[in-house]
Structure formats: structure tokens, C-alpha cells
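Colleague: I have the model open and would like to understand the words people use for it. Could you take me through them?

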Amino acid sequence: MSAVLEVTNIKKNFGGISAVDGVSFDVREGEILGLIGPNGCGKSTLFNCILGQLTPSGGEVKLDGKLVTGLRPSELNKLGVSRTFQLLQVFPKLSVRENLILAGQEHQGNMASRLVGRSDAGLTEAANQMIGFFKLDHLADEPAGGLSYGQQKLLDAAMAFMGGPRLVLLDEPAGGVNPSMLSDLKERLVAINREKNATFVVIEHNMEFVMSLCSRVMVMAEGKVLAMGRPDEVRKNPAVIEAYLGH
Amino acid sequence: MSGFAKPLKIALGLAVIAALIVVPMNFNRYGLFILSQWAVMSIAAMGLNLTLGYAGQVSLAQGAFVGIGAYAAAIMTTHGWPLPAAIVVAIALSFAVGWVLGYPALRVQHHYLAFVTLAFSTLAFLVFRNESWLTGGIYGISNIPRPHIFGIATNKPLPFYYVCLGSLAIVSLAVWWLIRSPWGRAFMALRENPLRAQSLGVDTRRYTLMAFAIGSALGGVAGALYAPLTQYIDPVPFNLSLSLDLLMMVIVGGAGFYFGPFLGAMIAVLLPEWLRFTEGYYLMLYAVAVMLLLIWSPTGILGILDRAMAARRTKAASALRAVAKSRLETVQ
């Protein structure tokens, strides 16, 4: 299996604190990679460096072997890299359907065709399918800001898939989602992973969710990679146990 | 506005348009001037509504763009150029300057952006006043001609009112098209959540600059009509207070609502006329009315309507739920 994403020696300093301290790993085509670690260990900062939301202090990111360090988030998204957010990030005043249409529109045509072309660029159909897939049918015309926390999390995930991404970085998709909705979410992630051949990297604190979803798990602590391997290997790793349980 | 049935909305729209064409035929010179001014200010406010209401970028410089358009039209038409050519130049010039003014918005937002645009507004005023070789300085430019459209002279107030109304119609259609296109959606994304927008492939830089440039260009169109309307311009009407007036039109009408600027401009232009009988108290009454409105509804007049519609929908939905619940109970 070839690597979709190769991250080499990424560093990010905030003042004197190094939030990410030389992290290297690669993500294989079609896999679901889990990323775990205690709060503040640099997981989200690592995501933001990979996605161009932060400029890394050092190191490089390659997508399909091509250097993409320093590209803007919108440019990376157009190359097929999408994400979800730890905190709710939807467009509150737009309806659920409009949120999804918006999530797909920049992947079609160019600036000119988006101005003079059809207003939905044929995306309503795709949005409706996504709404059905995530069981948001009864909420399609509601403003996204009026949805419950868990529903907004689902919408956020649905938006990440609208552009047909190859690689999706999910930042705590299970946080604040109730157990029944969570098993729905997992089922859907697995389905998209298999059917669309999308590759995922998932930050998550819910161990059961990570261990059952992911083929490999990477553990971070204090800005460094502590361990990487199959879920059962990682679970037994003494360094990991120490990082999580303390001395 | 979704509470109205569609045929009713169309009928209402046609009635308003017909009234705007027919009723002013009996107006005197002054009435036509006020109504033409309403049309011109609506165009400028629509531009600001695009920048501020839809794209969420604060601008205190819209009045400066009206000035740029007005001076472009005044200088060109007094040198023998036709008005349509002047309008094209006014659009191009204010689009370009608006684009450049958009750059600070890529770095600063909210009140900081307000200050940057305020500084620009002052700068533009100083250019209008001090560069007298071009602008006539404090003496301004007089004898600005009104155009011949398809061979018809528009010197008289009524024909020129139709020029303003026609321009308003064209601009309204263009803006309607724009906000319903993916661009309009991208503008709203800038306002609602730029971080999320970026990660969905929305080129926030380019759309921010476009929101400024297009909004400013409409200010330029308004200015290019304002010059032949008054037939004399000096720097005073284009100082900061015009920018503030336009901002108030957008806020009072309802920022981010399509019909907000029409309503806001109507209030700002016509209310002083209606309150004329109160003599010196007009401004105080106006100020109190605006304060009360914004306390009651920070989203402007159309915000009130929007809330009423939402309340009605909620009521209808809960009535449906109540019916469904009672059915469920009967079954049990």
C-alpha cells in the first residue's frame, strides 16, 4: 500500500513551547489511522499544521509524494484533503442543505462559472443524498445553528465528505455525540472508507471507538510520537500505559 | 418573506414597480428629486449590504466610493463624454480601489476594519477637497449635464428619475443574481464562519476582495448617477457622514436581507421630508426612532418580519406535533 500522506519531522513552536516536536508518520491509502494522546499533547496542532491552518516551524508534508507544506487550507481542500473540527464549525444561519451545497460548490467549475452558472451547480441532489446518508432528512431545511450538538457534529462530518475527498482528518468526531448516534456515525465512516476508498485520520478520546474503527493507532505525548501500531499492540505498550496512567 | 404565497409576492412586486413608474408622473420637481435620490441611495446601500450584510465585512467607506463615482462622472461628462461611458469608468475605478481596500480585511476584522475604512474615507475626502486641479476643490464642479438616452433628453426631472429607476432595476437584478449564485453563498460563508469555509475549499481571500470590490463598484454607480442628478458636486456630501448614513440605511433596513437597502434608503431619504412639520426636532425624533428600533430588533426592520415568520412557523410546527401526540395517545 502506498502512502497518501507523508509527514516528516513536523515542528510547531508557540513562543518557547514546542507543541509539536518533530513528528513523522505516514498514512496509507485506504486506511483509518487513529491518533490518540492526553489533552494538550499536540494532536490538533499537528492537524492544523498538516492542513495549512498553521504554518509549521519546521518539517514537511507530502501528499501523494508532492510537497504541500505551506499551501492554504482552501488549496489543500481542492487537492482532496478535507477535515472536521473538534468544536462546532457549521454555518449557523444557513439551512442544513445550504451548508452541504456550500461544502461542495468550490469543487466544481471555476470562479467565473460559479458566478454565471446554475445557482446550485447540480449540488442539491448530492446534498440530499448526503442528508439521507447521515439521517438528517427531517432537519434539511432548518438553520444549522438550531440543531442539537450531536446533530451539528454529524453535519460537520457530512460537510467534510461533500467534495468527495481522498483524505479526511477528523478531529474528535465522537466528542459529545450520544452512544446511539455514535454507532451510526461509525457505521457511516466505515461505509465511506470502503465504498469511496477514502483514507481517514481520526483524533479521538473515546478508546472503544478508536480501537474498533482504526486499523492502526498512533499515540502522541508531549508533542512527540510515543507509539504506532495495531490497536492491540498499542494497548499493551508499556510507554503508552505510563503516559495515560502516570507513574 | 417565505410566509407569503408566491403569486401574492409577485403581484405585490409588480404593484410596487407599477406605482414607482406611474405615481411620480404627477410629482413636482422636488418630489421627483427626492425619489431619484432614494433610487441612487438604494444602489449605494445595496453595495454596502453586499459587503457588510452578506459578506460580513465592516466598511465605513461606502460614501467615499459614491464620491469617486460622482467625481468620475462629473469630470468626464463636463468634458463631453457620454454618461454611460462615465458609469463604466466609475465602476472600474471604484472596483479597483475597493479591491485594494479589501486587503486590510484579510488581516483585520470588525472595529479594526472599521477604523481602516474610516481612515480611507477621510483620505478620499481630502483628495476631493485638496486636488483642485482635478476636482475643483471646495468650489466643486458645476453644470454637470444630464444624458441623452436613445436620443431622448433627460434634462427634465421626470425623465432623469426614470434613468435612476432603470439603473436601480438593473442593479437590483444583478445583485439578486449574485446573491443566489454560489458566490452569494460563499459571501455568507465568510460572514458565518471563515475558518470552516477555508477548509471546504472556499478561497476566502479572493471572495473577501470581491465582496469589497463589488460592493464598492455599486457605490461608484450610485455616485455616477448622483452627479447628474444634482448637476453640481463639491466634496461636502461625500464626507464621513454619508458613509455613516449608508451604514445606517443598511442596518435599519436589515443587513443581509435583500430588500433591506430599499427600505433603509426610503427611511433615510423620505423620513426627513415627512417629519418636516416638526421643524427643528426632526433629527432628534429620527435618532430616537433608530435607537428604539435597534433595541427592539438589532437585525433591522426586515429582522422583525423575519422573526414574526419564524414564530409563525414554530407555532404551526408545534400545533402539528400536538396533533400527532394526541393521535398517539388515542392509539394507546
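Modeller: Gladly, and please keep in mind that this is a predicted model. Let's begin in chain A with an open sheet of 6 strands, whose order is β6-β7-β8-β3-β9-β10 and whose pairing is mixed.

Colleague: What makes β6 and β10 of chain A edge strands?

Modeller: β6 (81-83) and β10 (224-229) of chain A each have a single partner strand, so one side of each is left without a neighbour in the sheet. On average, neighbouring strands of this sheet are turned by 20° against each other, ignoring direction.

Colleague: How do you know that β7 and β8 of chain A are joined?

Modeller: Pairing needs at least two bridges between the strands. Strand β7 (residues 167-171) of chain A and strand β8 (residues 199-203) of chain A are joined by 5 bridges and run parallel, so they meet that cut-off. To find the spot by residue, look for L170(A), which stands opposite V202(A) in β8(A). Helix α1 (residues 43-50) of chain A packs on this sheet and touches β3 (32-36), β6, β7, β8 and β9 (216-221) of chain A. The direction of α1 makes about 150° with that of β7(A).

Colleague: What is the order of the open sheet of 4 strands in chain A?

Modeller: That order is β2-β1-β4-β5 (chain A), with antiparallel pairing. β2 (17-28) and β5 (66-67) of chain A are the edge strands, each pairing on one side only. Strand β1 (residues 3-14) of chain A pairs with β2(A) over 9 bridges, in the antiparallel sense. K11(A) has D21(A), in β2(A), as its bridge partner.

Colleague: Now the helices. Why are α6(A) and α7(A) called roughly parallel?

Modeller: The axes of helix α6 (residues 149-161) of chain A and helix α7 (residues 179-195) of chain A cross at roughly 5° and come within 11 Å. Angles under 35 degrees count as roughly parallel, and that makes α6(A) roughly parallel to α7(A). In their contact, G150(A), L154(A), A157(A) and F161(A) of α6(A) meet M181(A), L185(A) and I192(A) of α7(A). By class, these are 6 nonpolar, 1 polar and no charged residues.

Colleague: And in chain B, why are α4(B) and α5(B) given the opposite label, roughly antiparallel?

Modeller: Here the axes of helix α4 (residues 83-105) and helix α5 (residues 110-130) of chain B cross at roughly 150°, coming within 9 Å. Over 145 degrees counts as roughly antiparallel, and α4(B) and α5(B) are therefore given that label. Their crossing is right-handed. L101(B), P104(B) and A105(B) in α4(B) meet L113(B), V116(B), T117(B) and F120(B) in α5(B). The residues of this contact divide into 6 nonpolar, 1 polar and no charged.

Colleague: Where does chain B touch chain A, and which element gives the most to that side of chain B?

Modeller: The contact takes 19 residues from chain B and 26 residues from chain A. On the chain B side, α8 (182-192), α9 (194-199) and α10 (204-230) give two or more residues each. α8(B) gives the most, with 6 residues. That side of chain B has 7 nonpolar, 6 polar and 6 charged residues.

Colleague: Which domains does chain B have?

Modeller: The domain assignment gives domain 1 (28-269) and domain 2 (299-332) of chain B. Their centres, taken over C-alpha atoms, are separated by 40 Å. The contact takes 9 residues from domain 1 of chain B and 5 residues from domain 2 of chain B.

How values were computed:
Residues numbered from 1 in each chain as written. Chains lettered and ligands numbered in written order. Predicted model: local features only at pLDDT ≥ 70, side-chain atom pairs only at ≥ 80, totals over all residues. Domains from an automatic or database assignment. Contact = placed C-beta atoms within 7 Å. Nonpolar A, V, L, I, M, F, W, Y, C, P; charged D, E, K, R; others polar. Axes fitted to C-alpha atoms, helices over the stretch in contact; angles between N-to-C directions. Parallel < 35°, antiparallel > 145°, perpendicular 65-115°, else oblique. Left-handed = near helix turned anticlockwise from the far one by under 90°.
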